[in-house]
Amino acid sequence: MTENAPPHTRPSAPSTTRARSDVCDLCDLPTPAEPIVDPDGGGSYCCRGCLEVSRTLERADDVPPESAVRARLDGADAPDSRNLDDLDGEDAYLAVDGMHCSTCEVFLETTVEQADGVLGATASYATDTIRIVYDPNRVAAADLPEIVSGYGYTATERSAADDTPSEDRAAALLLGGFFGMMVMVWYVLFLYPTYFGFEPVADFGGYAGFFLAANIWLFTTFILLYTGYPILRGAFVSLRAGRPNMDLLVATAALGSYGYSTLATVLGRGHLYFDVTVAVVLVVTAGTHYESVVKRRATGLFSELTERRVDEARLESGETVPLEAVEPSDRLLVRPGERVPLDGEVVEGSAAVDESLVTGESLPVRKSEGDAIRGGTVVTDAPLVLEVGREAESTLDRLVSMLWSIQSSRPGVQRLADRLATVFVPLVVTLASLATVVLLATGSSPSAALLVGLTVVIVSCPCALGLATPLAIAAGLQSAAERGIVVAAEAIFEDAPDVDVVVLDKTGTMTTGRMTVEGVHVAPRVAPDDLLRRAGAVEALSEHPVAAAIADAALETDSGSEGVAVESFERDDRGVSGVADGERVVIGHPDYLRECGLSIPGALEPRFAEARGAGRVPVAVGWDGRARGAIAVGDSPREGLEAALETLSDGREIVVLTGDEGPAAERLRSLDGVDEVFAGVPPAAKAETVDRLRARGTVAMVGDGSNDAPALAAADIGIAMGSGTELATDAADAVILGDDLAAVNETFAVATSTHRRIRQNLAWAFAYNAVAIPLAVAGLLNPLFAAVAMAASSALVVCNSARSL
């Protein structure tokens with residue numbers, strides 16, 4: 001019921017299980033008994049935050065009321081796709097290894113939907129995810145990975161996907177390189193000299209010559225079928241999907257030269273072009289392998305991020321049971337420091353609950369008998385007994401399901417080279433075929449005509465085109481890693497240069513996400529350090545995050561608080577008290593101090609109001625019958641926030657999402673560079689808000705919490721802070737390892753430079769083709785010179801990609 005929830009659990013989908021009047025028109029959460037209603041345009045909402053988002057974006061951008069996220073999940077962006085949510089079946093989310101382009105998506109969807117019991121499927125190579133709706137009466141969930149696997153794809157349960165990369169491709173490249181060297185040695189010693197009219201090192205004639213050619217054929221066959229298998233598979237998938245890509249062009253050149261040379265070997269001809277096959281396969285495979293190695297090296301930088309797992313629950317009796325065994329209305333005991341397993345209602349006890357994982361807000365919320373409590377939150381300072389809700393599910397589980405659903409519906413960005421290949425590949429094949437047919441019709445020999453057609457395919461620069469994108473991306477990945485940025489999805493190199501709107505989550509992104517002491521105000525004749533020392537000694541016995549912040553601040557004073565003896569300790573809903581060094585110290589809400597018989601000096605009252613107005617928590621501290629000071633505790637802004645906002649806002653619109661309302665939200669609106677603030681936005685509404693903002697252009701989302709994960713996935717570009725949760729980093733296209741918000745703009749800069757480098761490589765390759773292909777069609781080039789020219793163009797691409805960004 002966390003990130004590792006069973007992949008065959010159908011996500012909560014209120015739009016298909018509730019009447020529309022019972023759920024929020026923005027986020028699909030249940031509305032209260034008296035829903036928030038828009039007096040101008042109708043509609044009902046779960047909170048004022050959802051109402052404001054809906055009214056603002058619909059009015060400004062003319063976005064239809066119907067949820068854009070639901071529309072996208074329903075296939076509104078793809079006319080041929082069906083609404084999977086309307087299918088009567090169970091959902092499965094599988095991770096698929098082997099997807100590398102948009103044609104893979106089409107191929108897998110088409111193949112999987114042909115299986116018995118599968119009702120529909122949506123694949124996304126951007127996140128290596130496929131969503132399958134199936135009939136459990138006709139096919140078991142355990143059999144679905146086997147249905148998807150094949151043709152080089154390997155499917156596993158999404159929750160149990162192994163991120164450890166396979167070394168099979170490295171071994172294939174190593175063996176291919178070994179056999180390739182043997183082939184090229186024979187070419188250099190025995191074949192190339194004869195092409196230029198020279199005598200070979202040894203004259204192999206008759207049977208010996210055939211034996212030499214047979215060995216070259218055997219080694220080339222191994223390289224083509226084993227090392228080049230991913231290329232051939234990509235070409236096959238391209239043909240099955242009806243979308244030509246770069247794999248098809250590379251495979252055409254490799255197979256064309258291999259087929260011609262095999263026929264020439266059988267006929268006893270001397271000019272063999274197996275070397276072209278070897279060069280094309282090894283060069284392109286080496287380029288893509290280098291890209292994957294760099295990406296794998298970068299990804300390993302954040303492999304130790306925080307996990308949030310709850311797979312057991314403790315019954316009120318104290319017995320621990322698997323989470324799957326918990327039923328609605330069961331009573332669970334949650335101790336301090338433990339995570340709430342499932343949504344429910346508090347039936348006994350009172351405690352501060354840290355909801356930052358599912359709401360993103362760092363300030364704990366006091367929960368008492370009768371209050372609703374979310375699964376995935378953390379009880380901080382006292383035990384609670386809760387009654388499990390009727391759905392027996394977790395808010396965190398719903399966030400995970402929402403994330404997986406969005407990820408599987410998010411199509412991968414088709415690489416620029418593949419988009420160009422949809423036109424270029426058919427053009428090259430057509431020109432080669434026409435040249436061959438014309439030569440045959442005009443009386444040329446079949447071998448001469450086929451040779452011209454082969455030359456056209458070879459000279460079309462498949463190596464340079466095949467290397468243009470992976471080498472540039474590898475350089476971008478390396479450059480980003482050196483700056484402390486891990487690029488998890490290559491789509492960022494396509495979209496980042498066009499970002500129009502940057503959406504920032506407040507807590508953990510614009511702020512540190514940790515409670516700290518922001519100010520200390522004391523009454524006359526009271527030293528600030530003395531106030532902190534006494535308060536810290538008592539608060540050290542409490543698990544409340546505000547208490548922890550005060551205790552930490554006390555330790556940083558000159559005298560510290562470790563020497564203060566606390567003889568007794570009492571806890572209340574609104575504060576704590578204890579006897580420290582023989583004197584009773586009371587800490588908490590000002591009203592709590594009054595109830596305890598302490599007076600509040602008039603000079604301190606404005607300090608409490610000032611702290612609240614700044615979005616902080618005012619904590620009163622008193623002893624000897626009166627309050628002696630006020631401590632302001634809050635989530636402090638990140639260092640360099642203003643400078644980062646100034647840079648990010650250059651040519652982009654800055655939008656802030658926060659669950660806070662009132663003064664805390666107003667502070668955000670006053671920041672330079674911030675164009676718009678949506679306050680009081682619940683976690684479930686973040687993804688929908690981001691999706692509606694896409695009507696304004698390309699959207700980048702920056703967040704750190706699990707509650708941000710669906711929004712990170714819904715954005716064109718998702719960027720997670722490295723201090724964030726595993727779910728957030730899993731959803732993001734890039735992860736900033738440090739806490740510097742300025743790295744977001746560096747991410748855009750690296751992506752833009754990489755995008756420019758890709759275009760430069762492709763521009764050179766196509767400029768070269770504009771000259772070389774007409775020469776080949778005219779018969780002025782032969783395959784050998786075509787291969788040399790192809791190698792030269794590839795070398796230029798390599799050099800251009802190797803330049804520092």
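**Notebook: ring pairs, charges and a few chosen residues**

I began with a charge over a ring, and I found that the charged end of Arg 233 sits over the ring of Tyr 153, 4.5 Å from its centre; for this I required NZ of Lys or CZ of Arg within 6 Å of the ring centre and within 35 degrees of the ring normal. I also looked up Arg 534, which lies over the face of Trp 623 at 4.3 Å from the ring centre.

Before going on I noted that this is a predicted model, in which local features need pLDDT of at least 70 and side-chain atom pairs count only at pLDDT 80 or more, while totals for chains, interfaces and linings use all residues. I also noted that residues are numbered from 1 along each chain as its sequence is written, and that side-chain values use heavy atoms, with hydrogens and water left out.

**Aromatic pairs**

I took rings of Phe, Tyr and Trp (its six-membered ring) as paired if their centres lie within 6.5 Å, calling them stacked when the planes are under 30 degrees apart, edge-to-face when over 60, and tilted for the rest. By that rule the structure holds 13 aromatic pairs. One of them joins Phe 178 and Phe 179, an edge-to-face pair with 5.5 Å centre to centre and 65° between the planes.

I then asked how covered these two residues are, using buried for under 20% relative accessible area, exposed for over 50% and partly exposed for in between (1.4 Å probe, protein chains only). Phe 178 is partly exposed at 45%, whereas Phe 179 is buried at 18%. I noted as well that ring pairs link Phe 178, Phe 179, Trp 186, Phe 219, Phe 222 and Tyr 226 into a cluster.

For Trp 764 and Tyr 768 I found ring centres 6.4 Å apart and planes at 40°, so I entered this pair as tilted. Both residues lie in helix α27 (residues 743-777), four residues apart, which is about one turn of the helix; here helices (H or I, at least four residues) and strands (E, at least two) are DSSP runs, numbered from the N terminus. Trp 764 is partly exposed, with a relative accessibility of 34%, and Tyr 768 is buried at 11%.

**Salt bridges**

Counting a salt bridge wherever a side-chain nitrogen of Lys or Arg is within 4 Å of a carboxyl oxygen of Asp or Glu, I recorded that the structure holds 25 of them. Among them is the bridge between the side chains of Asp 116 and Arg 138, at 2.8 Å from N to O. Asp 116 lies in the loop between α4 (102-112) and β4 (118-124) and Arg 138 in the loop between β5 (129-134) and α5 (144-148), so this pair ties together parts that are 22 residues apart in sequence. Asp 116 is exposed at 54%, while Arg 138 is partly exposed at 46%.

I next looked up Glu 605, which forms a salt bridge with Arg 594, their closest N and O atoms being 2.4 Å apart. Glu 605 belongs to helix α21 (residues 605-613) and Arg 594 to helix α20 (residues 590-595), 11 residues apart. Glu 605 is partly exposed at 32%, and Arg 594 is partly exposed at 37%.

The bridge between Asp 691 and Arg 694 has an N to O distance of 3.6 Å; Asp 691 is buried, at 6% relative accessibility, and Arg 694 is partly exposed at 26%. I also found that salt bridges with shared partners join Asp 530, Arg 533, Arg 534 and Glu 583 into one network.

**Strands β4 and β5**

I turned to the two strands and found that β4 and β5 pair in the antiparallel sense over six bridges, where pairing means that DSSP finds at least two bridges between two strands. Ala 121 has Ile 132 of β5 as its bridge partner. Strand β4 is mostly covered, with six of its seven residues buried.

**Thr 277 and Leu 174**

Which residue shares a polar contact of 2.6 Å with the side chain of Thr 277? I found the side chain of Ser 257; such a contact is a pair of N or O atoms within 3.5 Å, and within protein one must be able to donate a hydrogen and the other to accept it, while residues adjacent in sequence count only if both atoms are side-chain atoms. Thr 277 is found in helix α10 (residues 274-299) and is buried at 0% relative accessibility. Leaving aside neighbours within four places in sequence, Thr 277 is in contact (heavy atoms within 4.5 Å) with Thr 220, Leu 224, Ala 254, Ser 257 and Tyr 258.

Lastly I looked at Leu 174, which lies in helix α6 (residues 168-195) and is exposed at 64%. Leu 174 and Leu 282 are 108 residues apart in sequence and 9.7 Å apart in space, C-alpha to C-alpha.
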